[in-house]
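Visitor: I am new to this structure and would love a close look at a single part of it. Could you pick one spot and walk me through its surroundings?

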Amino acid sequence: MLRPRLHEQLSHHFGFSEFREGQKEIIEDVLQGQDVLGILPTGVGKSLCYQLPSLLMHGTTLVVSPLISLMVDQVKQLKAKGYKSVIALNSFMDYRERTAALNQLNHYRLIYVSPEMLQNPKIEKTLHTLDVSLFVIDEAHCISQWGHEFRTDYLKMDQVIEKVGNPPVLALSATAAPDVQKDIKKQLGRTNMIDHIYPMDKPNISFAVEFHEHQDDKKGRIRHMLAAQRLPTMIYFSSRQSAELVAEELNIALDQRVAFYHGGMEQMDRLLVQQQFMKDQLDVICCTSAFGMGVDKPNIRRVIHYHFPTQVESYIQEIGRAGRDGKPCASIVMYTPHDQLLPKMLMERELPEESAIERLFAWLTNHSALLSDEEMHEQLQLSESQWNFLKYQLEETQVILQSKVMFDVELWNKAKMHIRANLRKRWNYKNEKFHQMRDWLYFTGCRRLKLYEPFQEGVRNAEVDCCDHCGFTIDDAQLMEEEAADEITHNSWDVRLKRIFLQESINE
Amino acid sequence: MFAAILLDCIQSIQGERSISGIHNLIQGKKSSQTLQDARLYKLERYFGIYPSLSKLNAHKTAESLERRNFIRFNQENHPVLTDEGEKYLEDSFMKDGNFFSGMEHHRNIILFEKRLRLLIQTVTHSELKDFAFLPIVEDPSVQAWMKRLYRNNVISDLLTSLYEELNSVLSALSHLEAELFTRRLTGGGLIGETREQLAHDYHLSVEDVDLLIKHALFYMYRITLSRQENYPALTLCLEGMAKETLITSSAKQTLQWLNIGLSLEDIVQKRRLKLSTIQDHVVEAALIDPSFDIDGFISKEGQKDILTTLENLNTNKLKKLFEALDHNYNYFEIRLVVASSKHTFKEDRHAPSSTS
């Protein structure tokens, strides 16, 4: 009875005629008030699983999402589609904007909020007054100690849920191995959540890993590949600088439109690059992991990793952007022995060294309370995520209570040991993840089977040549060349102005 | 263009300020020191024309000017123009006159640009019956303005008027400026290009791309402002724009307290700000408002003293003045007199002292 109505609602509100795999099943359970854990592969449209219910339920849908840019993007897109009663509460809002939003929060059906905002007492208080009918946790793997992007501000989510009146919970993730799934439920205190787990393997993608001696070899190889087949392509880098550099080199070497994209760019330029790529005005985009969230381009044919990611989960997410139209696509990872250093450096920036613990406690001896986060970074010479880790540990061991330092020799000794142990655990975990990724690069069997092994049992049959082990070579790949970016003809400004203003037919 | 602007600033400042000082001016730092510099050296036109300019890029460009022998650095590490630099500057179009009027308009230009970009995108996409485009400008106040404008539907054939006005304005600019400006526009299904893409295609620096487009906007803004009846569509983007009087709203507030008779100390208490901040506000007011009376802060006698020393020394360096005046006046008093003496209407106000 529900089904025909749901379809109607889907096309009415979102203009889609069909649900994608898993969406309908999750939405039906959500509408019946069940707690649901949904694991859907990237690109399937996780967000629809709460966006549609938010329109059909009586109260407010509260969505906790860790990525502000993703949140802001979704709100923009919903508004463009005509869904007006939606808002994102985040730390980018200035005081006035935030007060205005809080004062009329009950007018919104769908409220996105970042986890750190939930710690803000004023926001917390306002949220209590709402009639929350669905509590959504996006990127739910961040809750778990074993999730690849564990975020300290994502903890205590169970308490938040209780404070807003224990509404039904929907936890969503694209990459959560079985142990993470279990931990999510445990952390939320909802061990009876209904599972909706969908396979994450992509039958339409081929895999290849290429080993090179030098960075220059990689560049030469990429030039060759791009020149041979002009196709919508993404190239991932782990640094902004190399993304810019290679983009510039490719621009000079090739007769194709290449641009770079990273988090350090001006907001309008970021939007322009995204839109150019969406509208096929760009062939190749050289980017960091900052690109991709909220970009739903169907016809990306190649995802090249100039640097490999620090973990299999990120890799799966990034190749998930290819071939969303279901047509053949390929992932090529380029590897030089030197590349191992980069992920190591990234990891070191994320986690403190053991010596930082002594430094921290020496600092605490001379202070009665913590300073602002920024000042703490500076005084202790820690990166943001390093400090977040330590701060959380201090709170957990009760060395810090409401920013005040608690002096107690015994407590401190215990805390130090505890923090040291946790730090080692986390390091080991990250290292394991890194090795898992590297092992996959060196793996000599079927890459498809190996890649998805930690997440699911077996894979579906590939619809394309499977991987370099199973006989795939990128040079012979048939990846549909007709989809190249539009030829950009550089007319002079007056012609372009006419085109923008749709004046061509009138004046010619 | 960036090189020429830097050279122009360096020429006017004559070795009395560092590259950082010049950066602050072009970037539009709202400190009384920077405001004062802009007045002192008659560089108001460049104030705030490039808010996103980084210190690093200003220094990099200065270094390249040094390599090209256009400038050298004096003992205090302040840049000075060389003969070659002078020649280069004379040949550049900066000297034929340009349309920058930063001090007066830089904040309005920012708003004007945002509105214009969103207006073009909205008007052309409505023509295409595409109402689900992602707005190129995210500023909520600009989006609200756009919605209001659209609901009221003020001009019957907005698309054509806007096209014709832009076409006419762009024709008056250099070919390069018109190219860059047009290719950065988003609308009618075309997506604009990034600064880096334009820099690559036209073999320019990113700073030059930014400034050439900015210059085009200054021209557009000013021609619209002066001939509103000829540019009804562009005039829409001027709606509600106040004449820029005071630079900071904080200074404005301090002035309001002053006007109802509070002392500086009272205002310090009331606003919980430092005395030096409140003094900055007063200097700011003296710089900008010709009718601002400084007699309440320093005696006529003192004003005369400071002015005489100022003229004798012919320097704008506060420290030198402070020492030459035997520490009889504090920095606030000196800055205040220097500020009010330098603005355009000084002849009228300080007639007594200049005759002495």
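Guide: Gladly! Let us begin at Cys286(A): leaving aside neighbours within four places in sequence, Cys286(A) is in contact with Ile235(A), Phe237(A), Ala243(A), Val246(A), Ala247(A), Val258(A) and Phe260(A). Here, contact means that the C-beta atoms of two residues, placed from the backbone, lie within 7 Å. A word on the source: this is a predicted model, in which local features need pLDDT of at least 70 and side-chain atom pairs count only at pLDDT 80 or more, while totals for chains, interfaces and linings use all residues. Residues are numbered from 1 along each chain as its sequence is written, and chains are lettered from A and ligands numbered from 1 in the order in which they are written.

Cys286(A) and Ile285(A) touch the most other members of the largest nonpolar core, which has 195 residues. Such a core is a set of buried Ala, Val, Leu, Ile, Met, Phe, Trp, Tyr and Cys residues joined through C-beta atoms within 7 Å; buried means that 20 or more other C-beta atoms lie within 10 Å of a residue's own, with 12 or fewer making it exposed and anything in between partly exposed. Apart from this core lies another, of 10 residues, including Leu360(A), Trp387(A), Leu390(A) and Ile419(A).

Now for the strands and helices, which are DSSP runs numbered from the N terminus (H or I, at least four residues, for helices; E, at least two, for strands). Strand S11 of chain A covers residues 284-287 and pairs with S10(A) in the parallel sense over 4 bridges, where pairing requires that DSSP finds at least two bridges between two strands. Within S11(A), Cys287(A) is the bridge partner of Tyr261(A).

Stepping back, these strands belong to an open sheet of 6 strands in chain A, ordered S8-S13-S12-S9-S11-S10, with parallel pairing. S8 (205-211) and S10 (258-261) of chain A are at the edges with a single partner strand each, so one side of each has no neighbour in the sheet. On average, neighbouring strands here are turned by 15° against each other, direction ignored. Helix H10 (residues 240-253) of chain A packs on the sheet, touching S9 (233-236), S10 and S11 of chain A, and its direction makes about 175° with that of S10(A). These angles use lines fitted to C-alpha atoms, for helices over the stretch in contact, and run from 0 to 180 degrees between N-to-C directions.

Finally, the wider setting: chain A is divided into domain 1 (2-197) and domain 2 (205-343 + 435-494), with bounds from an automatic or database domain assignment.
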